Amino acid sequence: MTLVSKDSPHSLTMDLSERIRHRIQSAEFNDGDFFLTEAELAEEYNVSRRIAREAVNRLCALGLLEGRKRIGLIVRHPDPVEVWANCLPSLARSQEKLAELAQFRYALEVGAVELAIQNASEEQIVQLASLAKKFKQIANNKKERKKRIEVEREFHGLILKMSGTPLIADMQKLLSTLFETSYPPRESPVLEDDVNDRIIWQHFELVSAIQDRDVERARSVMRAHLKYLLNSKPDLS
């Protein structure tokens with residue numbers, strides 16, 4: 001019998017969920033393997049069925065366990081992007097957490113440029129150049145604002161896809177969607193000519209830097225391009 005330290009119900013739940021999580025992650029469970037039942041957990045860790053159930057619910061929310069009727073608890077290997085997708089709506093309610101996520105997105109995209117340069121195919125670079133041209137064509141048309149956002153999202157998504165790491169690309173999709181709804185647009189439908197020209201230039205300069213396999217230049221342009229993430233404040237109204 002494994003004892004859990006006797007404390008408040010909340011502490012017991014947290015303690016038990018951490019012990020179970022460590023046990024699952026330390027053992028060589030395959031996705032779909034049987035773990036235990038709630039009753040067996042309660043007996044083994046010397047806690048009430050209520051505490052065992054609450055601890056299990058926490059781990060089910062994280063995707064580490066799944067309850068099956070008449071079977072018990074099944075071990076799962078969760079998709080991290082799916083876990084993030086479930087958590088982001090709650091994080092979006094906090095201005096402080098949104099600011100942290102903005103910094104995370106900034107670091108993700110600036111950092112991924114090096115991987116993109118290492119792994120981008122010539123076909124992908126041609127596609128990126130085509131998106132930069134497409135962006136330029138619609139950038140000055142105030143009626144194409146929605147299309148402009150879509151093209152820019154596609155442009156950045158392709159750079160993250162070039163990294164060769166699907167997790168990076170999928171995380172960028174989640175974060176970009178979050179900030180499109182939580183942050184005020186960084187630009188009005190009609191931009192000042194110099195601002196608009198600078199953004200257009202940044203797209204082409206990113207393409208050129210990636211094509212030249214110039215990591216430092218690409219990072220510098222990406223930092224300037226995404227600087228608004230570090231300065232903007234989310235709109236939670």
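Trainee: How are helix 4 and helix 5 set against each other?
Mentor: Helix 4 and helix 5 are oblique to each other. Keep in mind that this is a predicted model.

Trainee: Why oblique?
Mentor: Their axes cross at roughly 135°. Angles from 115 to 145 degrees fall outside the perpendicular and antiparallel ranges, so the pair counts as oblique.

Trainee: Within what distance do the axes come?
Mentor: The axes of helix 4, residues 80–91, and helix 5, residues 95–119, come within 9 Å.

Trainee: Which residues meet there?
Mentor: From helix 4, Trp 84, Leu 88 and Leu 91. They meet Lys 97, Leu 98, Leu 101 and Phe 104 of helix 5. By type, the residues of this contact are 6 nonpolar, 1 charged and no polar.

Trainee: Other topic. Where does Gln 202 sit?
Mentor: In helix 9, which covers residues 193–211.

Trainee: Is Gln 202 buried or exposed?
Mentor: Buried: the relative accessible area of Gln 202 is 5%, and the cut-off for buried is under 20%.

Trainee: What does Gln 202 touch?
Mentor: Leaving out residues up to four places away in sequence, Gln 202 touches Val 221, Ala 224 and His 225.

Trainee: And the chain overall, how many helices and strands?
Mentor: The protein chain has 11 helices and 2 strands. In sequence order, three helices come before the two strands, and the remaining helices follow.

Trainee: What share of the residues is buried?
Mentor: 39% of the 237 residues. The chain exposes about 13500 Å², with 50% of that from carbon and sulfur atoms.

Terms used: Residues are numbered from 1 along each chain as its sequence is written. This is a predicted model: local features need pLDDT of at least 70, side-chain atom pairs count only at pLDDT 80 or more; totals for chains, interfaces and linings use all residues. Side-chain values use heavy atoms; hydrogens and water are left out. Helices (H or I, at least four residues) and strands (E, at least two) are DSSP runs, numbered from the N terminus. Buried means under 20% relative accessible area, exposed over 50%, partly exposed in between (1.4 Å probe, protein chains only). Accessible areas come from the Shrake-Rupley method with a 1.4 Å probe; for residues, only the protein chains shown count as cover. Contact means heavy atoms within 4.5 Å. Axes are lines fitted to C-alpha atoms, for helices over the stretch in contact, and angles run from 0 to 180 degrees between N-to-C directions. Angles under 35 degrees count as roughly parallel, over 145 as roughly antiparallel, 65 to 115 as roughly perpendicular and the rest as oblique. Ala, Val, Leu, Ile, Met, Phe, Trp, Tyr, Cys and Pro count as nonpolar, Asp, Glu, Lys and Arg as charged, and the others, Gly among them, as polar.
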